[in-house]
Amino acid sequence: MIKKHPPYPNLGYGLGLRSEYYDTILEKSPEVDWFEVITENYMVDGGKPLHYLDKIRERYPVVMHGVSLSIGSTDSINLEYLKNLKQLADRIQPVWISDHLCWTIHNGHNAHDLLPLPYNKATINHLAERIDQVQNYLGRQILMENVSSYVTYTDSEMSEWEFYSNIVEKADCLMLLDINNIYVSAINHNFDPHEYLDNVPSNRVQQIHLAGHTNYGNFIIDTHDQPIVDSVWELYQYSLQRLGSVTTMIERDDNFPPFHELMAELEQARKIGNEWQDKKTCTV
Ligand SMILES: [Fe+2]
């Protein structure tokens, strides 16, 4: 069990830090409240990425978002990875650290994909134990994000939101709720995304991701290379009715638009969030 820290602050409205925008950010100092960095891109000894990160960190709060913790694996937690993660955190002092509720590595081989887990009690116990190990090592609460999925397991015994909620309560960690991922999985697996949002523990939701996807008609791929669709904006608005305003980030990872287009999406999120400032309707 980690020592309880004061709750993390609401950071406002942020963007993913991507190399395509390094120079724009440094030249224009845009009105972005904070940036999220992909942890693994900066686990290096030097060079251009760290140079830019150090400069941007001087001006903005930063959070670290990882893709290789592989918290759901049956391989042991990679202690070398944890050591490098902590070293980077010591360097850039992120407000918080997050990763995904998934597995990516088996027998030492990295699939480089965020693969879903069977939703059952054995998996909850397995993950809670491993999250506890990571939190103890880092000396802080971490955030776990729901992933998009395209397959389900016959071993699942509960809904995704029950699974996710049970893990964060048992592990005493926080939620990074990706509204687009909920929408993608809801279409792919035919569940109601509102029911998901109605049932997550609101006091655990520390951050929200918004992103675009590619719709192929009868299924959706979580590509992060398109603008956010209206249905996801509506779900964002719906979620804030219950949660109040939450630290929110626009997640764009490919087909990068001019920076002002991302700023327009960020302002749209800010406008919706401001409507729900201090209007939380549920504390559980
Ligand atoms: Fe996300």
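Q: Two strands pair if DSSP finds at least two bridges between them. How many bridges join S7 to S8?
A: This is a predicted model, in which local features need pLDDT of at least 70 and side-chain atom pairs count only at pLDDT 80 or more, while totals for chains, interfaces and linings use all residues. Residues are numbered from 1 along each chain as its sequence is written. Strands are DSSP runs of E with at least two residues, helices are runs of H or I with at least four, and both are numbered from the N terminus. S7 and S8 run parallel, and the number of bridges that join them is three.

Q: Which residue of S8 does Leu143 stand opposite?
A: S7 comprises residues 143–145, and S8 comprises residues 174–178. Across from Leu143, in S8, stands Leu174.

Q: Is S8 largely enclosed or exposed?
A: A residue is buried if 20 or more other C-beta atoms, placed from the backbone, lie within 10 Å of its own, exposed if there are 12 or fewer, and partly exposed in between. On one side of S8, Leu174, Leu176 and Asp178 are buried, and on the other side Met175 and Leu177 are buried. Five of the five residues are therefore buried, and with respect to the rest of the structure S8 is largely enclosed.

Q: Over how many bridges do S2 and S3 pair?
A: Strand S3 (residues 62–65) is covered on both faces, with Val62 and Met64 buried on one side and Val63 and His65 on the other. Phe35 stands opposite Val62. Strand S2 (residues 34–38) pairs with S3 in the parallel sense, and the bridges number four.

Q: Why is Thr154 exposed, and how many other C-beta atoms lie within 10 Å?
A: Thr154 belongs to the loop between strand S7 and helix H5 (160–171). Thr154 counts as exposed because the number of other C-beta atoms within 10 Å is 5.

Q: Is Gln141 buried or exposed?
A: Gln141 also has a place in a loop, which runs between helix H4 (121–138) and S7. Gln141 is 30 residues from Ala171 in sequence, and their C-alpha atoms are 9.4 Å apart in space. Because Gln141 has 22 C-beta neighbours inside 10 Å, its class is buried.

Q: Which element gives the largest share of the largest nonpolar core?
A: A nonpolar core is a set of buried Ala, Val, Leu, Ile, Met, Phe, Trp, Tyr and Cys residues joined through C-beta atoms within 7 Å. The largest one has 69 residues, of which Met144, Ile167, Met175, Ile179 and Leu210 touch the most other members. Six residues form the largest share, and they come from H5.

Q: On which side of H5 do its buried residues lie?
A: The buried residues of H5 are Glu160, Trp161, Phe163, Tyr164, Ile167, Val168 and Ala171. The arc, taken from the directions between the helix axis and the C-beta atoms, is only 160 degrees, so these residues of H5 lie on the same side.

Q: Which residue follows H5 with a positive phi?
A: H5 has 12 residues and reaches 16 Å between its end C-alpha atoms, close to the expected 16 Å. The expected span is 1.5 Å times one less than the number of residues. After the helix, a phi near 55 degrees belongs to Asp172.

Q: Within what arc do the buried residues of H8 fall?
A: Helix H8 (residues 230–243) has Val232, Leu235, Tyr236, Ser239, Leu240 and Leu243 as its buried residues. They line one face of the helix, because seen down the axis of H8 they fall within an arc of 140 degrees.

Q: Which residue just after H8 takes a positive phi?
A: The buried residues of H8 pack against helix H6 (179–189), helix H7 (193–199), strand S9 (205–210) and helix H9 (259–275), where contact requires C-beta atoms, placed from the backbone, within 7 Å. Just beyond H8, a phi of about 75 degrees is taken by Gly244.

Q: What arc do the buried residues of H9 cover?
A: On the other side of H9, residues including His260, Glu261 and Lys271 are exposed. The buried residues are Leu262, Glu265, Leu266, Ala269 and Gly273. These lie on the same side of H9, because around the axis they cover an arc of only 100 degrees.

How values were computed:
Contact = placed C-beta atoms within 7 Å.
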